Amino acid sequence: MRQAFYERVRGELASIEEQGLTKPERVIVSRQGPEIQVRGADGHEKVVLNFCANNYLGLAGDERVTQAGVEASERWGAGTASVRFICGTLGIHKELEAAISAYLGFEDAILFAAAFDANGGVFEPLLGEDDAIVSDSLNHASIIDGVRLCKAKRYRFANSDMDELESQLKQARADGAKQIMIATDGAFSMDGYIAKLKDICDLADKYEALVMVDDCHATGFLGPQGRGSGAWNGVQDRIDIITGTFGKALGGAMGGFVCAKKEVVDLLRQRARPYLFSNALAPSVCGSSLEAIRIASGETGDGLRAKLFANAERFRTGMSQAGFKLLPGEHPIIPVMLGDAKLAGAMASKMLDKGIYVIGFSFPVVPRGLARIRTQMSAAHESGHIDRAVSAFTEVGRELGVI
Ligand SMILES: *Cc1c(COP(=O)(O)O)cnc(C)c1O
């Protein structure tokens with residue numbers, strides 16, 4: 001019997017491999033940054049340009065952010081060996097909660113080990129079986145899981161389709177929902193599309209719904225002061241709940257948060273299961289994240305954001321002129337559309353040979369037939385880096401008959 005189980009597991013792996021869907025993990029032997037050192041299959045190490053990190057502001061390998069983590073470790077130790085409510089709430093946790101809620105313009109914030117946990121824990125305590133969640137079809141896996149763990153009735157609308165959102169809101173009202181919460185990513189990670197939050201907030205007002213935004217691919221760099229997709233759309237003050245991560249633009253360490261009104265955060269502290277039953281965030285993570293917020297929210301942040309968007313513009317222009325099919329937009333996520341999963345994998349591998357590190361994305365991360373190379377720009381890239389990437393794409397694209 002048990003042998004059959006292990007055979008089944010091996011069979012599953014073989015089928016993933018056969019479809020060209022295996023996601024290998026390449027080993028990096030340097031700090032994260034625009035230039036990284038990777039270990040090749042032959043054991044050789046080489047320096048390549050990195051275009052696939054969520055390192056939007058370039059703070060992941062930043063010396064100030066790194067040192068702030070080291071100092072926090074020295075001051076507070078490696079960690080608490082406790083959940084928050086027993087003996088795991090350090091001064092630096094309260095400092096980080098105050099900093100992120102002030103930065104994003106909310107009354108309070110609560111920390112989680114990851115944004116995955118924030119999304120996993122945010123719905124269930126707040127909504128019950130008489131309530132409804134109306135969710136965008138392209139929402140992140142962690143929102144989908146969080147919604148599944150909650151007893152509220154589920155409704156879905158096609159990505160950013162405001163007509164369908166409205167009909168789902170009507171349906172939820174007709175079905176007698178007490179509270180309705182619209183849940184959406186602020187920026188959709190596979191496409192780089194930014195949610196139409198102005199329209200969403202208007203519809204939320206019309207149907208008296210709450211708005212929850214997962215701003216993992218926005219906090220730190222979209223909108224004025226990098227306050228996120230709500231700020232980008234001019235509606236930050238109309239959003240009820242924001243979930244986010246310290247694992248992307250805000251330093252790249254790890255850790256998630258929920259920003260909301262005080263009573264909502266208070267209830268999550270009592271009831272959110274990933275918060276109650278999981279260790280407190282490590283002090284080094286808090287220290288690095290605090291320094292990242294300090295940098296992102298100030299004038300240095302404005303400079304980083306200007307450079308980030310100039311880089312995105314330069315890459316989009318170069319790639320479009322070369323004849324590549326990109327998804328439109330302004331976000332520093334820039335998908336190069338290829339269609340076939342094996343083609344995307346082959347292209348990424350040839351790009352690496354030319355010293356450009358990019359990754360092909362295929363099912364189940366994106367729909368079948370819509371495989372792509374998702375590139376991501378960083379403020380730490382120089383224009384020369386962007387130009388090298390465009391010319392490598394052009395050479396490889398011609399070789400593979402993509403352009
Ligand atoms: C990355 C991401 C997450 C998960 O964030 P972690 O802090 O790494 O768990 C959740 N939601 C979205 C939209 C993301 O892009």
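**Ligand site, sheet pairing and selected loop residues**

In the ligand site, a side-chain N or O atom of Asp-214 lies 2.6 Å from a nitrogen atom of the ligand. The ligand in isolation exposes 380 Å², of which 83% is buried by the protein; accessible areas were computed by the Shrake-Rupley method with a 1.4 Å probe, and for residues only the protein chains shown count as cover. The model is predicted: local features require pLDDT of at least 70 and side-chain atom pairs count only at pLDDT 80 or more, whereas totals for chains, interfaces and linings use all residues. Residues are numbered from 1 along each chain as its sequence is written, and side-chain values use heavy atoms, with hydrogens and water left out.

Two further polar side-chain atoms approach ligand oxygen atoms: one from His-217 at 2.9 Å and one from Thr-245 at 2.7 Å. The ligand is surrounded by Ala-114, Ala-115, Phe-116, Asn-119, His-140, Ser-142, Asp-185, Asp-214, Cys-216, His-217, Thr-245 and Lys-248, a residue being near a molecule or strand if one of its heavy atoms lies within 4 Å of it. By class, this shell comprises four nonpolar, five polar and three charged residues. In this classification Ala, Val, Leu, Ile, Met, Phe, Trp, Tyr, Cys and Pro count as nonpolar, Asp, Glu, Lys and Arg as charged, and the others, Gly among them, as polar. Helix 5 (residues 115–122) supplies the largest share of the shell, three residues; helices (H or I, at least four residues) and strands (E, at least two) are DSSP runs numbered from the N terminus.

Strand 9 contains the ligand-shell residue Thr-245. Five of the five residues of strand 9 are buried, so the strand is largely enclosed by the rest of the structure; buried denotes under 20% relative accessible area, exposed over 50%, and partly exposed the range in between (1.4 Å probe, protein chains only). Ile-241, Thr-243 and Thr-245 occupy one covered face of strand 9, and Ile-242 and Gly-244 the other. Strand 9 pairs with strand 8 (residues 210–214) in the parallel sense over three bridges, two strands being paired if DSSP finds at least two bridges between them. Within this pairing, Val-213 stands opposite Ile-242. Strand 9 is also joined to strand 10 (residues 256–260), by four bridges in an antiparallel arrangement, where Thr-243 faces Val-258.

Strand 5 (residues 132–136) is likewise largely enclosed by the rest of the structure, because five of its five residues are buried. Ala-132, Val-134 and Asp-136 lie on one side of strand 5, with Ile-133 and Ser-135 on the other. Five bridges connect strand 5 to strand 6 (residues 153–157) in the parallel sense, and Ser-135 has Arg-156 as its bridge partner in strand 6.

A separate description applies to the open sheet formed by three strands in the order 11-14-13, with antiparallel pairing. Strand 11 (333–339) and strand 13 (360–361) are at the edges, each with a single partner strand, so one side of each is left without a neighbour in the sheet. Strand 11 is joined to strand 14 (residues 371–376) by six bridges, and Met-337 stands opposite Arg-372 in strand 14.

Three loop residues were examined individually. Asn-54, in the loop between strand 3 (45–50) and helix 2 (63–76), is partly exposed, with a relative accessible area of 21%. Its side chain makes a polar contact with that of Gln-376 at 2.6 Å; such a contact is a pair of N or O atoms within 3.5 Å, and within protein one must be able to donate a hydrogen and the other to accept it, while residues adjacent in sequence count only if both atoms are side-chain atoms. Neighbours within four places in sequence aside, Asn-54 is in contact (heavy atoms within 4.5 Å) with His-217, Lys-248, Ala-249, Arg-374 and Gln-376.

His-381 lies in the loop between strand 14 and helix 15 (383–399) and counts as buried at 1% relative accessibility. The side chain of His-381 reaches the backbone oxygen of Asn-50 at 2.7 Å, and its contacts beyond four places in sequence include Gln-376 and Lys-307.

Gln-236, located in the loop between helix 9 (229–232) and strand 9 (241–245), is buried at 6% relative accessibility. A polar side-chain atom of Gln-236 lies 3.1 Å from the backbone oxygen of Arg-227.
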